[in-house]
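Ready for a bit of geometry practice? Have a look at the model below, then work through the exercises.

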Amino acid sequence: MAEAAEPVFGDKKWSLRGMTALVTGGTRGIGYAIVEELARFGALVHTCGRDQNMINKRIQVWESKGFKVTGSVCDLSFGDQREKLIETVSSVFDGKLNILVNNAALVVMKGATEYTLEEYSSVMSTNVESSYHLCQLAHPLLKASGNASIVFMSSVAGAISIPRLSAYAASKGAINQLTKNLACEWATDSIRVNAVSPWAVNTQISPPDLNDLLVQEYVKLIAKTPIARSAEPNEISPLVAFLCLPAASYITGQVISIDGGHAIVEELAGFGAIIHTYSRNQTELNECLQEWQLKGFKVTGSVNNAAVAVPKEALNTTAEDMSTLRSTNFESVFHLSKLAHPLLKASGNGIIVFISLVAGVTAAPLTPLYGPYNGAMNQLTKNLECERAKDNIRANSIAPGVIRTSLSDAIRQNLKTSMGEQELIRRNKRWSLNGMTALVTGGTRGIGHATVEELARFGAIVHTCSRNQIELDARLHEWKNKGFKVTGSVCDLSSREQREKLIETVTSIFQGKLNILINNAAIAFVKPTVDITAEDMSTVSSTNFESVFHLSQLAHPLFKASGNGSIVFISSVGGVRGIPSVSLYGAYKGAMNQLTKNLACEWAKDNIRTNTVAPWVIKTSMIKPFEEGPEGSEFLDGIARQTPIGRAGEPDEVSSLVAFLCLPAASYITGQIICVDGGVTVTVNVNGLRSTGN
């Protein structure tokens, strides 16, 4: 029975009909799944393998399914065979190629000292040199198509340490960086480049002769995965296909994983610094001052180190906890940095060091707020480094792991093992949201509006909110005429009471079940750090971070009741890269990015996935003040210069990724921060832009 697919709901941006694709290593595992995924979307596919009999068998299967797939024999470790492969592809596809998926790879599992030169050479030639050479050879074909996409199959091993995979991991690290370089270099040729990095996948690539001890080691690693299982090939292939779709037209250069103070005073004083420190405990402070005096230290600089820990799960975190952590762990360091600016500038050479934590970089148990506020601090570091460099002030952040202090003791005493064996609910219709329920905040304009429509086209029943009743009514009328199932209510998300009322409304409409939460509503805020007031901080904090944390808490029972939930936060490139005059906005987006990782780990056991989409400059009402200002044309020219794709993005180029992350097809993707930015985050800098705040 033929499986060749029509475009999703007839939308061409969700179709590959008529496009041509080359998938290396497509006869088994992930490659096989990718061939089928692309073919279902209408692509004409050519694949290669080293076994002619296997290729013939696969082509016979694909023909019976109605897929248009051809194949040829190729050992990708040989340059002349790669050249012959591209000659064949050029002939089959009349000199044009839309998609290149570099999938074939070689795994050699050994300790680093056990690799022979031949083994190392084989891994590198197959995993790096072949991919690089194929890209070179395919470039004229990709360019001739007018709109092309390269996807590298990388690995989580290219980003984190995994035992006995040093050469393989190094090859994947090279692929990750190649992704970024080609994304920038070939954007002018309308070629997008991305990488997909899976964790453990059930494929035949795993060597069959693993000894028992190694098997046990990997079983333990897989058990530590929040989703608590390895992935299936058809959980990897949907992301590859999505990245090749016109729907992903503004995504390039991304490497996306599918992986389911006391010591400081003495160190500075030992180098001869004259120090002032502070504490909330006078007795403790006096004892330390006496001790330092005996050591000959001059202690009466300022390091932002004071912090409090509230070791709790997200659901048990209260508004009071949030207020305490925000004021002590972030607002205090922001305010002190602002107050100290004139002194640092006057010194002629100032240094700010923030003491963050690994929990602000990766997910850690019982740190759903502690981690995000450290994430905010990490992002503030980047913003201040850009903004204050002209004043000879350097800013850095140190993120320790578990250090024996009273903070770690508090977490250790409260730590409970909460991750059990859970199977994520699987659905047959991986590319449909039929019957699923969704809440999209700020859905009447811009990215929110595009997201409402994207989800509704996939069959979701959507509720949205806005502060403007007239605008909301107009949108609801518009959606009704389009046949979308959308309801709406008025809500000011900066108000805790109104957030609670919103979830009560959603609970009533959706009968206590919610599948999707899109935390989109936010306020843009551009102002130099030294000009930011306490009121500014409170406004941005309550709307851009506290609201999304609280809504996630409130929605948790509804997600759990639905059996399969997905949260998508709309962050910003400003929460990933340092940009002048957006330090506060960027910091809270950084907090959101870290919250993504924490909730992904903490709520995986409840079948709730959490991801973040971080757009660059998108053509919405938020950028109108820049466009319409006296330097509007200069602003837009700056965007084009700094962005490899050469333009600002459109709302529907963001909403397509948001919708994909909510689909059952994305069932093994969680905890990811994915930039939709035309490649700007993989370029050298974004500091050439001028903002209206300067």
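Two exercises follow, each with a worked solution.

This is a predicted model, where local features need pLDDT of at least 70, side-chain atom pairs count only at pLDDT 80 or more, and totals for chains, interfaces and linings use all residues. Residues are numbered from 1 along each chain as its sequence is written, and side-chain values use heavy atoms, with hydrogens and water left out.

**Exercise 1.** Work out how helix α16 packs on helix α17.

*Solution.*
- Start with the axes (lines fitted to C-alpha atoms over the stretch in contact, with angles from 0 to 180 degrees between N-to-C directions). Those of α16 (residues 534-562) and α17 (residues 583-602) come within 10 Å and cross at roughly 15 degrees.
- That makes α16 roughly parallel to α17 (angles under 35 degrees count as such).
- Next, list contacts (heavy atoms within 4.5 Å). On the α16 side they include Val 540, Phe 545 and Phe 549, and on the α17 side Tyr 588, Met 592 and Leu 595.
- Sort by class: the contact of α16 with α17 has 12 nonpolar, three polar and one charged residues.

**Exercise 2.** Do the same for helix α1 and helix α7.

*Solution.*
- The axes of α1 (residues 29-40) and α7 (residues 233-244) come within 8 Å, crossing at roughly 50 degrees.
- So α1 is oblique to α7.
- Among the residues making this contact are Ile 30, Ala 33 and Ile 34 of α1, plus Ile 236, Val 240 and Cys 244 of α7.
- By class, you get 10 nonpolar, three polar and one charged residues for α1 with α7.

Terms used: Helices (H or I, at least four residues) and strands (E, at least two) are DSSP runs, numbered from the N terminus. Angles under 35 degrees count as roughly parallel, over 145 as roughly antiparallel, 65 to 115 as roughly perpendicular and the rest as oblique. Ala, Val, Leu, Ile, Met, Phe, Trp, Tyr, Cys and Pro count as nonpolar, Asp, Glu, Lys and Arg as charged, and the others, Gly among them, as polar.
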